[in-house]
Amino acid sequence: MKKYLFPSLLLIFSLSIQGQSLIGAWEATTSHEGNLLRNVVIFADGYQAATFYDAETGAFVSTNGGTWSLDGNTMTETIEFDTKKPERVGTTTSFEVIFDSDELRIKDVDMVWKRIDDGTPGDLAGAWLISGRKQNDEMRQMDTNRPRKTMKILSGTRFQWIAYNTETAEFMGTGGGTYTTAEGKYTENIEFFSRDNSRVGASLQFDYELKDGGWHHSGLSSKGQPIYEIWSTRMP
């Protein structure tokens with residue numbers, strides 16, 4: 001089996017190795033069972049998500065991620081979600097990373113990640129948890145400390161959302177791709193969607209506003225239903 005089921009990468013915002021920051025998005029490719037897979041890793045302040053999907057069809061393969069700490073070149077992770085090995089949720093693992101401004105490697109893993117962006121230019125780079133949703137014209141607040149989480153993690157150009165439960169290790173779904181922010185409009189271009197591959201290639205545009213410490217997000221969902229959500233910054 002190819003070594004693409006590696007420990008998820010967890011990175012630090014304020015520290016760096018050899019003067020270089022890992023914040024942003026990185027990409028590698030690998031072959032598995034005759035298919036070319038893309039692996040995109042998004043690094044935010046204290047959180048990350050790494051996802052494999054088919055490079056041609058966008059078919060979802062796997063995702064994992066969690067929280068980090070860094071000591072020199074040694075990354076230590078506590079895993080929050082892992083679709084291939086859910087038994088790893090809640091466990092901690094460490095590994096050595098080697099990188100410069102353009103390439104990232106994990107010691108003893110035969111893959112090389114190339115930088116996609118450095119956390120710019122998108123206005124929404126970071127990790128977010130859903131904290132409110134409008135239902136029947138009434139805003140319902142949501143507890144971001146509960147085990148059941150919906151997280152969005154964004155670099156300067158890439159996004160991914162993940163729904164999961166840290167207590168039961170249950171995975172509910174994920175999707176991601178590229179995004180842009182301009183003149184109050186947030187546009188997602190879907191490259192993978194675990195629940196329905198037919199969504200791959202779709203573009204969705206939403207109104208967005210940053211106010212009172214939250215990301216207010218409104219428009220139509222991938223199913224065409226009106227939504228109004230509030231996302232709160234996830235602190236490391």
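Hi everyone, let me start with the inside of this protein: of the 236 residues in the chain, 47% count as buried. Before I go on, please keep in mind that this is a predicted model.

So what is the chain built from? In terms of secondary structure, we have 17 strands and 0 helices. The radius of gyration is 17 Å, close to the 18 Å that the globule rule gives for 236 residues, so the chain is as compact as a globular protein of that length. If you'd like dimensions for your mental picture, the C-alpha trace spans about 55 × 40 × 35 Å along its principal axes.

How about contacts along the sequence? Taking the contacts with a separation of 6 or more, 46% are between residues 24 or more positions apart. On the outside, the accessible surface comes to about 11300 Å², and carbon and sulfur atoms account for 45% of that.

Now to the pocket. The largest one holds about 670 Å³ of space. Which residues come closest to its centre? Those are Trp-161, Arg-195, Ser-221, Ser-222 and Glu-229, out of 28 residues that line this pocket.

Have a look at the strands around it, too. Strands E9 (126–135), E11 (148–154), E12 (158–165), E13 (171–182), E14 (185–193), E15 (203–211) and E17 (226–233) each supply at least two residues of the lining.

And what is the chemistry of that lining? The residues of the largest pocket's lining divide into 13 nonpolar, 8 charged and 7 polar.

That's my tour; thanks for listening, and I'm happy to chat.

Technical notes
Residues are numbered from 1 along each chain as its sequence is written. This is a predicted model: local features need pLDDT of at least 70, side-chain atom pairs count only at pLDDT 80 or more; totals for chains, interfaces and linings use all residues. Side-chain values use heavy atoms; hydrogens and water are left out. On a 1 Å grid over the protein atoms alone, a cavity is a set of points where a 1.4 Å probe fits but cannot get out, and a pocket is an open set with protein on both sides within 12 Å along at least five of seven lines; lining residues have an atom within 4 Å of a point. Grid points are joined across faces, edges and corners, and a volume is the space filled by probe spheres set on the points. Helices (H or I, at least four residues) and strands (E, at least two) are DSSP runs, numbered from the N terminus. Ala, Val, Leu, Ile, Met, Phe, Trp, Tyr, Cys and Pro count as nonpolar, Asp, Glu, Lys and Arg as charged, and the others, Gly among them, as polar. The radius of gyration is taken over C-alpha atoms; the globule rule is 2.2 Å times the number of residues to the power 0.38. Buried means under 20% relative accessible area, exposed over 50%, partly exposed in between (1.4 Å probe, protein chains only). Contact means heavy atoms within 4.5 Å. Accessible areas come from the Shrake-Rupley method with a 1.4 Å probe; for residues, only the protein chains shown count as cover.
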